[in-house]
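User: I'm new to this structure and would like a close look at a single part. Could you walk me through one helix and the helices it packs against?

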Amino acid sequence: MKSRLVRASAITAAAALGLGLASCSAGGDAEGVTTISFLSWTGEEQMQPVLDAFAEDHPEVKLEVSYAPPVAEYIQTLQTRVLSGTAPDVFLIAAENKTNLIDAGAVVDLSDEPFMEGVQEFNLDTYGRDGAQYGLSLSSWAAGYAYNEEMLAEVGYDAIPETWDEFLELLQALEDAGHTPFLESVDQMPTTVSAMIGAKSSGMDPSLDEQIFSGASTFEDEWSDVLEQYDRLYTEGLVSSDVVALDGDQVRDEFANERVAIINAGPWIINAVTEANPELQFSFAPVPGIEGGKPFQAGAASPGYAINAKSDEAKQEAAKTFLTWLASPEGVELFNQQTNDVTVTESFTPEVNPIFEPMVAPIRDGQLYLPMISWQRDEDVLNVEAVAQMQRMIQGQIEPEDVAAALDAKLSD
C-alpha cells in the first residue's frame with residue numbers, strides 16, 4: 001500500500017520532539033481534515049504498515065507520528081511532554097506510567113466507547129480504575145527465553161531445562177563448547193527477575209505485592225532470594241557484566257547472527273530475527289523455576305492506546321476514529337502480523353507463529369507477571385530504582401540484598 005501519511009522523523013529528545021510536532025501542525029489543516037499527533041511505542045518498521053492502512057481508510061484524519069523506544073526513554077519523553085503541556089493527542093499508557101497519567105487527569109475515560117467492547121477483561125482492568133478505562137490494550141505479551149536449537153543440540157539438550165540449577169549447567173556446557181551462552185538486556189526490568197518473582201507470587205495468598213505494599217512484608221524479605229539466584233549468572237562467570245551496556249535490539253541482533261545461544265525475548269523479535277537469518281532454527285521457553293518453583297513468564301497486558309484529555313474536542317473525536325480502526329478486525333489482524341503479539345479481541349483470533357507456541361497457553365491462562373503492573377503505587381520511581389540497583393549488582397558494586405533494601409527505602413520515601 002502507498003502511504004498517504006505525513007510522518008515526523010523519530011525524535012528522542014523530549015524538547016526536540018515537542019518542537020517538531022508543533023512545527024508540523026503550524027500550517028493548519030486542509031478543509032475536512034483533522035491532524036492529530038501520535039507518539040508510538042511500537043517501532044516504525046512494525047507500525048508503519050498499520051498506519052498506512054489507516055490512512056487509506058480515513059483520509060479525513062492526518063497523523064503526525066513520532067517514535068520513542070520503550071521503556072525508559074518513552075516514559076521519560078511522554079512525561080516531559082505531559083508536564084510541559086505538549087503531550088500528543090494519542091499515546092501509550094503503560095505499566096510504568098499509568099498511575100501518574102490517571103492521577104494527573106491526563107487521559108480520557110474510554111469505558112463507554114464502542115471500540116472497547118470485545119477486549120479481554122484482564123486488559124481493560126490493567127489500565128482502569130474505579131470502573132473507568134483509560135487504555136485500549138489490544139494484546140497481551142509474554143517474555144521468556146529464545147534459544148538456538150542447533151547450539152543446544154550440540155551440547156545434548158533439546159530444550160531449556162525447567163529448573164534454574166539445570167539451566168546454569170546448560171549455560172556452562174555452552175560456554176565450554178565455545179559459545180556465548182546467554183545475554184539479557186538489563187536496560188529495563190530483567191525478564192528473568194520478573195518471571196521468578198511472578199512464579200513466587202503465584203503461590204502466595206495474599207500475593208507477594210499485596211504483602212509488601214500493605215507493610216506485612218518487605219522487598220528485602222521477598223526479593224532477596226530471587227536476586228541471589230539471578231546474580232549467579234554473573235558471579236559464576238556465565239554472563240559478562242558488560243551486558244549493562246546492551247539494549248534489547250543489540251541482544252536480538254547478537255542472537256540473529258548466531259553469536260549467542262540464549263537470550264531473553266518476546267514475540268517482537270521473531271520477524272526481525274527471521275528476516276536477518278532465515279535459516280536459524282529457534283524456539284521459546286519460559287524462565288526456569290528456582291527452589292522447586294515452576295517455570296514462569298514475564299508478561300502483561302500490552303500498553304494501551306490513550307487519548308490526551310487536554311486535546312480539543314475535534315482532535316479527541318479524530319483520535320477516537322483512529323482507535324476505532326485499530327480495534328477493528330482489519331486493524332487487529334494487521335497489528336498481529338507486524339508484531340506477533342497475541343491479540344485479545346473477540347473480533348479476531350490470531351494465528352500464532354509456531355516458534356512462539358510454547359508461550360501462548362500462559363498468556364491465555366493469565367499466568368503472567370510484571371512488577372510494574374502489580375505494584376500498587378510509585379511504580380515509575382520503583383522501576384527506575386530497581387533497574388539502576390540491579391545494574392550495580394551485576395557490576396559487582398553491591399549485593400542482592402542491597403538491591404531489595406534500596407527498593408524498601410524508595411517505597412518509604
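Analyst: Here is a look at helix α2 and its two contacts. This is a predicted model, where local features need pLDDT of at least 70, side-chain atom pairs count only at pLDDT 80 or more, and totals for chains, interfaces and linings use all residues. Residues are numbered from 1 along each chain as its sequence is written, and side-chain values use heavy atoms, leaving out hydrogens and water.

Helix α2 covers residues 44-57; helices here are DSSP runs (H or I, at least four residues), numbered from the N terminus.

Start with helix α13 (residues 313-326): its axis and that of α2 come within 11 Å and cross at roughly 115°. Axes are lines fitted to C-alpha atoms over the stretch in contact, with angles from 0 to 180 degrees between N-to-C directions. That makes the pair roughly perpendicular (65 to 115 degrees). In contact terms (heavy atoms within 4.5 Å), Met-47, Leu-51 and Phe-54 are among the α2 residues that meet α13, whose side includes Phe-322 and Trp-325. This contact divides into 8 nonpolar, 1 polar and 1 charged residues (Ala, Val, Leu, Ile, Met, Phe, Trp, Tyr, Cys and Pro are nonpolar, Asp, Glu, Lys and Arg charged, the others, Gly among them, polar).

Now for helix α14 (residues 329-339), which packs on α2 at about 160° with the axes 8 Å apart. These two are therefore roughly antiparallel (over 145 degrees). From α2, Glu-45, Gln-46 and Pro-49 are among the residues meeting α14, where Leu-334 and Phe-335 are included. By class, that contact has 5 nonpolar, 3 polar and 3 charged residues.

Methods
Parallel < 35°, antiparallel > 145°, perpendicular 65-115°, else oblique.
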